[in-house]
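Dear colleague,

Please find below the structure that I am handing over to you. My findings follow it, arranged by topic.

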Amino acid sequence: LRARVALNPAAVVAPVNRRTFGSFVEHMGRCVYTGIYEPGHPSADEDGFRTDVLALARELGVTMVRYPGGNFVSGYRWEDGVGPRERRPRRRDLAWRSIETNEVGIDEFARWAEKADVEIMYAVNLGTRGVQEALDVHEYVNHPEGTALSELRRANGADKPHGIRIWCLGNELDGPWQTGHKTAEEYGLLAASTARALKSAEPDLELVACGSSGSSMPTFGAWESTVLEHAYEVVEYVSCHAYYEEHDGDLGSFLASAVDMDHFVNSVVATADAVGARLKSKKKINISFDEWNVWYLSRFQNAPRTDEWQIAPRVIEDRYNVADAVVVGNLLISLLRHSDRVTAACQAQLVNVIAPIMTEPGGPAWRQTIFHPFARTAALAKGDVLETRVDSPTYDTARYGEAALVDAVATHDPATGDLTVFVVNRSVADPVEFTVDLAAFGAGWSVAESVTLTDDDVRATNTREDPDRVRPRPTARIPTGAVSVGGDCVTLSLPRVSWTALRLT
Ligand code: AHR
């Protein structure tokens, strides 16, 4: 089997957006408590943050982190999480049926974000709350000084405002499971009035209206259209959320999950542009793909529910395998390919909860398989995204019809001259020979790095006991992998079910 792509430095889609490499910390399960925060852990710093997790978050290359939810935010009172810890109330979290201690709130999270060197994307509660509470939390975090809530922040030890630029107007309010679920009409009006109020306080905020919780939602398309009819001129983004899993052992369909992500993005762009045309607006709405990942949602939905209200219970701690990592690498390829319109994205979530980083309370932190394609893509995708039209053999999938066996995206950094290609082989059985034609760039390329994530056992995982079982290895050292440069072309042999990053210099 053979696939081929010809790259051209002039065929630029858009610059790589650093916000593409966002992640998500929700007050859910063990993401915050015993995830990023565990006073008493041997690695904890003076603020109670696990430095082993901080080091892994930096290695992952995360640039922006959405906080504090998620479904959690739709019942959250931000003021519970500020001020002296001993006075903070314990509350029920209806979304995950657990107890929130409020030991961590926005001031602590801002300190963590500074240490992790990430931007915060802050979500306000538009489930049980409205315009006033959104204004209040904005005044607390962003107003410099001299007002009741900015002075409260200063009295709580944060002298400087947190300066949060990008704000989500609620979370998944199209979902019947959401506390405060709304119709598109109700939500569109609320999002627009909240956006107007926030922008009266700070005109250059970047605001994200909730789009659909998935492309299979019954209101998909109509929801975006109605919401944007109301909010078009006062928001910059509409969100997309998507989670993928292997259904009934159908690995071939699962490996083609990025086909759905491409379709999702194209549909939302078309819908947003149609609203813009109807409104005769010159403005374009971009996409914030602020929840995406592999999530074995059906296992969670079928698991027995406990009636206990616990603090930081183990919730959706999925263990990822090789195939999951290949899909995550492919979803990043899809996000990069749409860099002209997807200008922010968050993998959900960062630690323990469907996460690239796992921890044990009092114990180690380690990298799941999905950590690796994220980390290498975040490190290597620099400069411009190039149009990458792969001529590939196809295969039939039950879920997505005919899909390409090979999918890829390339970035070119005019500053360093480096050219990087990210590529997956979705074949469950066969290696594919993949040729990158560089004639439009001229000759003289050499391979600076070529790593491949694959394994004879596509179900292999990383565990506490064997944390490095699955990781990228030099392509040439993998039995069915190879890389060679000849004339104007570089040729890779891609093992079955594999993700590869190739950096040329
Ligand atoms: O990331 C887990 C959950 O998935 C989030 O809380 C919610 O927004 C989505 O349904």
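**A small set of paired strands**

One open sheet in this predicted model consists of three strands in the order 5-6-12, and its pairing is mixed. Strand 5 (91-93) and strand 12 (310-311) form the edges, since each of them pairs on one side only. Strand 5 runs antiparallel to strand 6 (residues 98-100), and three bridges join the two. Within this pairing, R92 has I99 of strand 6 as its bridge partner. As general background, the strands of a sheet are held in pairs by backbone hydrogen bonds, in either a parallel or an antiparallel sense.

**The chain as a whole**

The chain contains eleven helices and 26 strands. Its radius of gyration is 23 Å, close to the 23 Å that the globule rule gives for 505 residues, so the chain is as compact as a globular protein of that length. The C-alpha trace spans about 70 × 60 × 45 Å along its principal axes. Of the 505 residues, 51% count as buried. If one takes the contacts between residues at least 6 apart in sequence, 76% of them join residues at least 24 apart.

**Strand 20 and its partners**

How many of the residues of strand 20 (residues 419-425) are buried? Seven of its seven residues are, and the strand is thus described as mostly covered. In a regular strand, the side chains alternate between the two faces of the sheet. Here both faces are covered: L419, V421, V423 and N425 are buried on one side, and T420, F422 and V424 are buried on the other.

Strand 20 pairs with strand 19 (residues 406-412) in the antiparallel sense, over seven bridges. V409 has F422 of strand 20 as its bridge partner. The hairpin of strand 19 and strand 20 has six residues between the strands, and in this hairpin G417 takes a positive phi near 85°. Strand 20 also pairs with strand 26 (residues 498-504), again antiparallel and over seven bridges. In that pairing, L419 stands opposite L504 of strand 26.

**Two exposed residues**

Is S484 buried or exposed? S484 is exposed, because 12 other C-beta atoms lie within 10 Å and a residue with 12 or fewer counts as exposed. S484 belongs to strand 24 (residues 482-486). Its C-alpha atom is separated by 25 Å from that of V322, and the two residues are 162 residues apart along the chain.

E145 is also exposed, with 11 C-beta neighbours inside 10 Å. E145 is located in the loop between helix 3 (131-142) and helix 4 (148-155). Leaving out residues up to four places away in sequence, E145 touches S150, E151 and R154. The C-alpha atoms of E145 and E108 are 19 Å apart, with their positions 37 residues apart along the chain.

**The ligand and the annotated domain**

Which residues are found around the ligand? They are E26, M28, G69, G70, N71, N171, E172, S213, E291, A348 and Q349. By class, this shell has two nonpolar, six polar and three charged residues.

Finally, an unreviewed UniProt entry places the feature "domain: Alpha-L-arabinofuranosidase C-terminal" at residues 290-498. Over residues 290-498 the chain is 15% helix and 34% strand, and the end C-alpha atoms are 25 Å apart.

With kind regards

Definitions and conventions. Residues are numbered from 1 along each chain as its sequence is written. This is a predicted model: local features need pLDDT of at least 70, side-chain atom pairs count only at pLDDT 80 or more; totals for chains, interfaces and linings use all residues. A residue is near a molecule or strand if its C-beta atom, placed from the backbone, lies within 6 Å of it. Ala, Val, Leu, Ile, Met, Phe, Trp, Tyr, Cys and Pro count as nonpolar, Asp, Glu, Lys and Arg as charged, and the others, Gly among them, as polar. Helices (H or I, at least four residues) and strands (E, at least two) are DSSP runs, numbered from the N terminus. The radius of gyration is taken over C-alpha atoms; the globule rule is 2.2 Å times the number of residues to the power 0.38. A residue is buried if 20 or more other C-beta atoms lie within 10 Å of its own, exposed if 12 or fewer, and partly exposed in between; C-beta atoms are placed from the backbone. Two residues are in contact if their C-beta atoms, placed from the backbone, lie within 7 Å. Two strands pair if DSSP finds at least two bridges between them. UniProt positions are given in the numbering used here, feature names are shortened, and annotations may be inferred rather than shown by experiment.
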